[in-house]
Amino acid sequence: MFTLAEVASLNDIQPTYRILKPWWDVFMDYLAVVMLMVAIFAGTMQLTKDQVVCLPVLQSTVNSKAQPSASGKADFTTVETTTAQGEAASMRTVSFGSAPTVTPDVPLSRATSSQYQPTESGQELKKEQKDSSGRKTNLDFQQYVFINQMCYHLALPWYSKYFPYLVLIHTIILIVSSNFWFKYPKTCSKIEHFVSILGKCFESPWTTKALSETACEDSEENKQRLTGAQSLPKYVSTSSDEGSPSASTPMITKSGFKFSADKPMIEVPSVTILDKKDGEQAKALFEKVRKFRAHVEDSDLIYKLYVGQTVIKTVKFIFILCYTANFVNTISFEHICNPKVEHLIGYTQFECTHNMAYMLKKLLISYISLICVYGFICLYTLFWLFRIPLKEYSFEKVREESSFSDIPDVKNDFAFLLHMVDQYDQLYSKRFGVFLSEVSENKLREISLNHEWTFEKLRQHVSRNAQDKQELHLFMLSGVPDAVFDLTDLDVLKLELIPEAKIPAKISQMTNLQELHLCHCPAKVEQTAFSFLRDHLRCLHVKFTDVAEIPAWVYLLKNLRELYLIGNLNSENNKMIGLESLRELRHLKILHVKSNLTKIPPNITDVAPHLTKLVIHNDGTKLVVLNSLKKMTNVAELELQNCELERIPHAIFSLSNLQELDLKSNSIRTIEEIISFQHLKRLTCLKLWHNKIVNIPSSITHIKNLESLYLSNNKLESLPAAVFSLQKLRCLDVSYNSIALIPVEIGLLQNLQHFHITGNKVDVLPKQLFKCVKLRTLSLGQNCINSIPDKVSQLLQLTHLELKGNCLDRLPTTLGQCQLLRKSGLVVEDHLFDALPSEVKEVLNQDTSIPFANGI
């Protein structure tokens, strides 16, 4: 037999699951425990006391019952027998009328099988009548035991014998059905995860400390709004309202948290600090809730399983009630038994009594009552399941009562679990909803961010850049710390990978700020902040993945001087960028576009009249349409890099003010069109490096004003004499080609200051090279040079000499006569330097401050 503890373990659900058990499930669990106790109590009584007691039905008794005595007096027979504890069986019959009596003192072994037996003499008959006053049955104790056991199985109905076990089985099935959704693998994992998250959300300090801080801040803002006070001085623009952002421009509005004036404000501490550990835990909870919602909302398995197990319990209740009602009357105290063992005992029929019949019937009635109550609760549960849409859950009340109006409604299993939690305590759902709000999450990030990034910490991250400006670079933060805007002496601010960047009015304090970098950072600005940026910002870098990420207010910064756009600007998105015209950027001078353009966007022509520098860096996409360049008459610097150009575009020859042209990393093979550059009177720098140019045409002599010529990383095999006719040439770079000879005409370049021929096949240096006495930089590395002439000493202005990677045996001792050359500017193998005389090395090792500019 099962013990109560063993069976009760089937209902042992983790205590944490209690929040998912509504009142009807709890009540049904208690009913199941009571039914379990009924089954165990009835089964225990059956094992210890359950039995039947049977007596034979005598023929005379049957006849007497069938034919009443002539005197009209009824016969009453009282039969007593002992139980199977070993006492002697006896029978006492009390008769009225002619029925004989049986005395209790007569043992059963002396009883006869018939009522009247013949005697040999009247004396014996008289003596027998005098000694015995009952009816003899000829059955002894062992025969009664045999008959009782046999009739227990034959005469007693099966329901009387197995009723406790049926109750036990049904109760176990009901318990399993009630808790199956907690045990089924595909649902218990979600339920366990949900309960864990729900408990942490309920106990999180963010729902108390942080919300109190939010309430404090909002109440303070309301107070200031009512009194007309301003916490920060607003920046007053000196310009007109022209160019202010429209309604569609992404500006920050004051609609974050809403508090009703009718609701009493709860007093909270003036300073509420959310420590770093609590903040990190709250941030982790936001991420867990987001992932759990995505995982659970896509199915309704938990809902279907709960409905299924409720239907099973209801069907089980109907089944139990139907068959129990039919068998309730079979539990009776009296039973007739026909064991068919007349040849052994001489009697065919017995009357039996079931001593547990009364108690079992009472227990059965109790069980039926419990089942009826259980069934009505199941019906109510089904009514509740189908009365309202449980696969949808609205946080409307939570949104009305709290300051977070953006809590989304949920569906499917997520909604069903929240409905179940509401049956336990609605406060759980209210606190849980806070972690579904983006406003709440952003507020938490803002508070945590401001606590972590203090003014002192930000000051430590300020550095000096190459232009000797104070620069602050913030990378992968949740937002922009408020303390940033207290760095009033900051010149450059870089914001990278900050998804929720907001620029408040406090930026008006940063009067020195002129350069702003937004790398994958679609920043939003307040109206006052925009007015300040519009009047003060001079340089803006925007790096993006898609053109839609460019903030709309960028196109309204009318005092902007430099704009750098780095991101995807293919033909599809060119239409999008065209919607926001650049014509408002009236003072824009430099436009740098690094993208994958196939043509120059037409809207760039809006700023063409005042643009002085245009840089287009493609990612290898071929730039085909260049006709828009003709409108940029004031462009002085033009860079078209990595645009897959095969020839020099003819549109360039119309740029009469062009001073510097850079066509780096293209596919240019021939530059015969270079003769047309003679019309560009102001062209001083031509960069054709990293192309596929094979030779330089002699027409290059027509570019009289050329000062810098870069032809490195091409396929040149020789230098024509025409190059050395450019008397104004100050920088010549032909590195990494296949040039084997330096022409003697190089001596004609008296103004040459920088000569780079690294990575070629030169083996001899002409003496005319050292006539270029203005040389400051001479790069001769990675060639086949055997020796350096002593005339190198003539280069008195030489500050950088590269000789590494040649076939030199020694260095000329005359290097010491190069007054400006130092060891740091001498690039050569260590053993060659060590072989120099000590006095030469001392000269080269002198530490003197020499102004150096390579002019590259």
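## Overall picture

The accessible surface of the protein chain adds up to about 42600 Å², and carbon and sulfur atoms own 54% of that. Keep in mind that this is a predicted model. The chain has 856 residues, and 47% of them count as buried.

In terms of secondary structure, you're looking at 21 helices and 24 strands. Take the contacts with a separation of 6 or more in the protein chain: 58% of them come from residues 24 or more positions apart.

## A nonpolar patch on the surface

Which residues make the nonpolar surface patch of about 500 Å²? The members are W23, F27, V373, Y380 and F383. Two helices, α2 (23-49) and α12 (357-387), each put in at least two residues of this patch. The top contributor is α12, which gives three residues.

Y380 is a handy one to click on. This tyrosine sits in helix α12, and its relative accessibility is 35%, so Y380 counts as partly exposed. The cut-off behind that label is simple: partly exposed covers what falls between buried, under 20% relative accessible area, and exposed, over 50%.

## Two helices crossing

Next up is a helix pair. Two packed helices are described by the angle between their axes and the distance between the axes. For helix α14 (residues 412-424) and helix α15 (residues 426-434), the axes come within 6 Å and cross at roughly 135 degrees. Angles over 145 degrees count as roughly antiparallel and 65 to 115 as roughly perpendicular, with the rest above 35 being oblique; α14 and α15 are therefore oblique to each other. On the α14 side, the contact is made by F414, L418, V421, D422 and Y424, while α15 brings Q426, Y428, S429 and F432.

## Salt bridges

How many salt bridges does a search of the whole structure find? It turns up 17. Here are a few of them.

Start inside a helix: the side chains of E287 and R290 meet in a salt bridge, at 2.6 Å from N to O. Both residues lie in helix α9 (residues 276-296), three residues apart, or about one turn of the helix. E287 has a relative accessible area of 35%, so it is partly exposed, and R290 at 37% counts as partly exposed too. There's also a network here, in which salt bridges that share partners join E287, R290 and K291.

## Bridges between separate parts of the chain

E471 forms a salt bridge with K494, with the closest N and O atoms 3.4 Å apart. E471 lies in strand β7 (residues 470-475) and K494 in strand β8 (residues 492-496), so this pair ties together parts that are 23 residues apart in sequence. Buried or exposed, where does E471 fall? At 13% relative accessibility, E471 counts as buried, whereas K494 is partly exposed, with a relative accessible area of 23%.

R647 and E673 give another example, their side chains meeting at 2.4 Å, N to O. Here the pair links distant parts of the chain, 26 residues apart: R647 is in the loop between β16 (637-641) and β17 (660-662), and E673 is in the loop between β17 and β18 (685-687). R647 counts as partly exposed because its relative accessibility is 45%; E673, at 7%, counts as buried.

Technical notes
Residues numbered from 1 in each chain as written. Predicted model: local features only at pLDDT ≥ 70, side-chain atom pairs only at ≥ 80, totals over all residues. Heavy atoms only, no water. Patch = residues over 30% accessible without salt bridge, like charges linked within 9 Å, V, L, I, M, F, W, Y side chains within 5 Å. Areas by Shrake-Rupley, 256 points an atom, 1.4 Å probe, with all protein chains shown as cover. Salt bridge = Lys/Arg side-chain N within 4 Å of Asp/Glu carboxyl O. Helix = DSSP H or I, 4+ residues; strand = E, 2+ residues; numbered from the N terminus. Buried < 20%, exposed > 50% of the residue type's maximum accessible area, 1.4 Å probe, protein only. Axes fitted to C-alpha atoms, helices over the stretch in contact; angles between N-to-C directions. Contact = heavy atoms within 4.5 Å.
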